[in-house]
Amino acid sequence: MRFAAALTAGAVVAAATLFPGIALAAEAHELPGQTMSLWWALPFAGLLLSIATGPLLFHHVWEHHYGKITFFWAALAVVPLAVAFGMPSATDAVLHALLTEYMSFIILLFALFTISGGILVAGNIHGTPLVNAGLLLIGAMLASVIGTTGASMILIRPILRANDNRPFNAHVVIFFIFLVSNIGGSLTPLGDPPLFVGFLRGVDFFWTTTNLYQETLFVGGLVLAVFLAMDIILHRREAGAPKIKDPTPDTKVRIRGLPNVPLLAGVIGAILLSATWKPGVAFSVQGVSLELQNLVRDAIILALAFLSLGVSQKSHRQANNFHWEPIAEVAKLFAGIFICIVPVIAILRAGPDGALAPLVSLVSSPTGEPIDLAYFWMTGALSSFLDNAPTYLVFFELAGGDPQHLMTTLASTLAAISASAVFMGANTYIGNAPNFMVYAIARHRGVKMPGFFGYMAWSGAVLIPIFLIAGFLFFG
């Protein structure tokens, strides 16, 4: 019976971890999580199942009606909450999620998406092993500054052009996903959605930098070394193969849209400002307290995004295939998920007194102490197949949810949660948002990318052994 309960809990938490940045939305304001059953997770699970299967099984219906589908599941979450616990409690919980967390999160995504879309890397170089390794290293470092999505979108096309005359080039894209779309984003809250989730929850901006740099250097360094060795072998094997005419001859590389660079710096400055400036001023909107420093941060970030549209040339955005539909879809889906996850987080916050109590026992010793290695692998397992920011918050809450306690006494536990949420999003195409975007772009450019399970064979052969070593080295 205990095993069945654990499986049920794991399934619900899995459903609660499909998309980045959302799970932080649900504070348990006035909701009695200890009395709520797992049925309250049904709208959230239904929405995430729709997101996972809609584009594959009913593409045209989903493409034209995903907003309506999202609204249906959100309403299915809100209406029962209002009936069961009263309109004031339901309204308070939902508004708190949308006003204090969803808005900040989507504004940051919008700004990074908009500003990075105005930066164009033009020209082409030849994709030798050293050049490719250098591009991957630059991309990995860039990921912690402009996010894994921004770095991936800026650099994937240049690296595809550099290798489009090589018969073996799929591995370059695979390692690009490993390093640029995931591992490289582990050093700041800007890098990957789960770390921004932690920042919004009270984790210091530079905590991840000072506490994850060793893990990042170790894992990233080993992955890059494996890539370099493999690319050297394949490059030598290509020497005897028939030559492929280069569709994009080498030309001088130029970075266009440079006015956007200081705008990215401004986004970082705005986030640092909100972390250090605490005027103690707050405004109440329908009973929800909004702190001045957060309002100023969001206003600055939004202004920088709109300024980017003014200073960027349309030709640069056209060359990057920039359009608004991706961020519009993200905004609608995230709004629904932020709402639907409210009751799930209420249950999680009940800890051992809630319906997800079996999950607590899996990551805690008999005395109640957290098991760091268990947190590392449990967080990573869910981040691999779902999405990593909600996974991060699930285990952030299970570890107590107090950022000061987690940054000090339980620093190793928070590091295990943070590292695995970022690193293991690379294990599948659906582990982190940029993964599938990079895969789709590469396929469109003619790269013979492996399928879902073929990619997992690559990650299983390259990443899992490295994660095993890193887990025991840093968290065992």
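Two strands pair if DSSP finds at least two bridges between them; helices (H or I, at least four residues) and strands (E, at least two) are DSSP runs, numbered from the N terminus. The model is predicted, so local features need pLDDT of at least 70 and side-chain atom pairs count only at pLDDT 80 or more, while totals for chains, interfaces and linings use all residues. Residues are numbered from 1 along each chain as its sequence is written, and side-chain values use heavy atoms, with hydrogens and water left out.

**View A. The protein chain as a whole is shown with its confidence.** The secondary structure of the chain comes to 20 helices and four strands. Of its 476 residues, 54% count as buried (under 20% relative accessible area; exposed is over 50%, partly exposed in between; 1.4 Å probe, protein chains only). Contacts (heavy atoms within 4.5 Å) between residues at least 6 apart in sequence are in 83% of cases between residues at least 24 apart. The mean pLDDT (the predictor's confidence in each residue, from 0 to 100) is 83, and 90% of residues reach 70 or more. Residues 1-29 have a pLDDT below 50; beyond near neighbours in sequence, this stretch has 98 contacts in the model.

**View B. Strands S3 and S4 form a hairpin.** Strand S3 (residues 282-285) and S4 run antiparallel and are joined by four bridges. Ser284 has Ser289 of S4 as its bridge partner. Two residues lie between the strands, and Gln286 in the turn has a positive phi of about 55°. Which residues of S4 (residues 288-291) are on the covered face, and which on the uncovered one? Val288 and Leu290 make up the covered face, Ser289 and Glu291 the uncovered one. In a regular strand the side chains alternate between the two faces of the sheet.

**View C. The largest nonpolar core is seen around Leu136.** A nonpolar core is a set of buried Ala, Val, Leu, Ile, Met, Phe, Trp, Tyr and Cys residues joined through side-chain atoms within 4.5 Å. This one has 135 residues, and Leu136, Phe178, Val223, Val267, Ile271 and Met449 have the most contacts inside it. Helix H4 (residues 87-116) supplies the largest share, 14 residues. Not counting residues up to four places away in sequence, Leu136 touches Ile159, Val172, Phe175, Phe176, Leu179, Val180, Leu224 and Phe227. In soluble globular proteins, nonpolar side chains tend to be buried together.

**View D. Helix H5 (residues 129-162) is not straight.** The end C-alpha atoms of this 34-residue helix are only 11 Å apart, against 50 Å for a straight helix at 1.5 Å a residue (the expected span is 1.5 Å times one less than the number of residues). At Ile146, H5 bends by about 125°, the bend being the angle between axes fitted to the seven residues ending there and the seven starting there. Of the 34 residues in H5, 25 are buried.

**View E. Thr148 of helix H5 is shown with its contacts.** Thr148 counts as buried because its relative accessibility is 2%. Beyond residues up to four places away in sequence, Thr148 touches Ala143, Val180, Ser181, Asn182, Gly185, Gly191, Asp192, Asn432 and Pro434.

**View F. Leu359 lies in helix H14 (residues 357-362).** With a relative accessibility of 2%, Leu359 counts as buried. Leu348 is eleven residues from Leu359 in sequence, and their C-alpha atoms are 9.4 Å apart.

**View G. Gly400 lies in the loop between helix H16 (388-398) and helix H17 (403-407).** Is Gly400 buried or exposed? Gly400 counts as exposed because its relative accessibility is 55%. Gly351 is 49 residues from Gly400 along the chain, with 8.5 Å between their C-alpha atoms.
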